[in-house]
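Student: Hey, could you walk me through this one? I'm new to looking at structures, so plain words please.
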Amino acid sequence: MKNLKDIINEIKVNEAIPKFSSPLKAFDYIQRKRGEGMNLEQTLRSTLADIQDLQRDMEQEAEPGGGPIADKYAREIDFLKRQYNKTKLELKKVMDEIDEFDETYI
């Protein structure tokens, strides 16, 4: 006679089969998504550190009243902020996919 835990585990595996041809493919999928999420988080940390470095450099090198050097730094910082926001949206999408998988199959 099967216990309740075995039946629940069997149901979970059977739920994954329609979307994935095997539990191994489901596992590979979620591992890839988690790895992708970790890579995006690292990219966010790195981009944020680059922005902070540029801001420190700008304080040291740029003219107080503005000018070409300040404008150059402002363009670079603005570019990095756009990259940061784009990466943040990508991370949110990946995290939503992970949450959906967890809610559906775990």
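Tutor: Happy to! Let's start with K33: setting aside neighbours within four places in sequence, K33 is in contact with V94, E97 and I98. Keep in mind that this is a predicted model.

Student: Okay, and where does K33 lie?

Tutor: K33 lies in helix α2.

Student: Is K33 buried or exposed?

Tutor: K33 counts as buried, because its relative accessibility is 16% and the cut-off for buried is under 20%.

Student: Which residue does the side chain of K33 meet in a salt bridge?

Tutor: The K33 side chain meets that of E36, with 3.7 Å from N to O. Both residues belong to helix α2 and are 3 residues apart, which is about one turn of the helix. E36 is partly exposed, at a relative accessible area of 35%.

Student: Let me zoom out a bit. How many helices and strands does the chain have?

Tutor: There are 3 helices and 0 strands. Following the sequence, you get the pattern α-α-α.

Student: And what share of the residues is buried?

Tutor: Of the 106 residues in the chain, 23% are buried. The chain exposes about 8,000 Å², and carbon and sulfur atoms supply 55% of that area.

Student: What about contacts between residues that are far apart in sequence?

Tutor: Take the contacts between residues at least 6 apart in sequence: 68% of them join residues at least 24 apart.

Student: Now the inside. Which residues make up the largest nonpolar core?

Tutor: That core has 11 residues in all: F20, A26, Y29, I30, L40, L44, L91, V94, I98, F101 and Y105. The elements giving two or more residues to this core are α2 (23-61) and α3 (68-105).

Student: Is there anything besides that core?

Tutor: Yes, there is a second, separate core of 5 residues, and I51, L54, Y73 and L80 are among them.

Student: Back to F101 for a second. What is F101 in contact with, leaving aside neighbours within four places in sequence?

Tutor: F101 is in contact with F20, A26, Y29, I30 and I106.

Student: Some of those have rings. How many aromatic pairs does the structure hold?

Tutor: It holds 5 aromatic pairs. One of them is F20 with Y29, a tilted pair with 5.4 Å centre to centre and 45° between the planes. F20 counts as buried at 10% relative accessibility, and Y29 counts as buried at 18%.

Student: What do those two numbers for a pair tell me?

Tutor: A pair of aromatic rings is described by how far apart the centres are and by the angle of the planes.

Student: Got it. And how are the rings of F101 and Y105 arranged?

Tutor: F101 and Y105 form a tilted pair, 5.0 Å centre to centre with 45° between the planes. Both lie in helix α3, 4 residues apart, about one turn of the helix. F101 is buried, and Y105 is buried too.

Student: Which residues do the ring pairs link into a cluster?

Tutor: The cluster contains F20, Y29, F101 and Y105.

Student: Switching back to charges: how many salt bridges does the structure hold?

Tutor: The structure holds 7 salt bridges. In helix α3, for example, E76 and K72 are 4 residues apart, about one turn of the helix. Their salt bridge has its closest N and O atoms 3.4 Å apart. E76 is partly exposed, with a relative accessible area of 30%, and K72 is partly exposed as well, at 40%.

Student: Does K72 do anything else I should look at?

Tutor: Have a look at Y73: the charged end of K72 sits over the ring of Y73, 5.0 Å from the ring's centre.

Student: Nice! Why would charged side chains pair in the first place?

Tutor: Side chains of opposite charge can pair when their charged atoms come close.

Student: Can you give me one more example?

Tutor: Sure: K92 forms a salt bridge with D96, and the closest N and O atoms are 3.1 Å apart. These two are 4 residues apart in helix α3, so about one helical turn separates them. K92 is partly exposed at 49% relative accessible area, and D96 is partly exposed at 37%.

Student: Which residues do salt bridges with shared partners join into one network?

Tutor: K33, E36 and E97 are joined into one network. That takes us back to where we began, since E97 is among the contacts of K33 and K33 counts as buried.

Note on methods:
Residues numbered from 1 in each chain as written. Predicted model: local features only at pLDDT ≥ 70, side-chain atom pairs only at ≥ 80, totals over all residues. Heavy atoms only, no water. Core = buried A, V, L, I, M, F, W, Y, C linked by side-chain atoms within 4.5 Å. Buried < 20%, exposed > 50% of the residue type's maximum accessible area, 1.4 Å probe, protein only. Contact = heavy atoms within 4.5 Å. Areas by Shrake-Rupley, 256 points an atom, 1.4 Å probe, with all protein chains shown as cover. Salt bridge = Lys/Arg side-chain N within 4 Å of Asp/Glu carboxyl O. Phe/Tyr/Trp six-rings, centres within 6.5 Å; stacked < 30°, edge-to-face > 60°. Lys NZ or Arg CZ within 6 Å of the ring centre and 35° of its normal.
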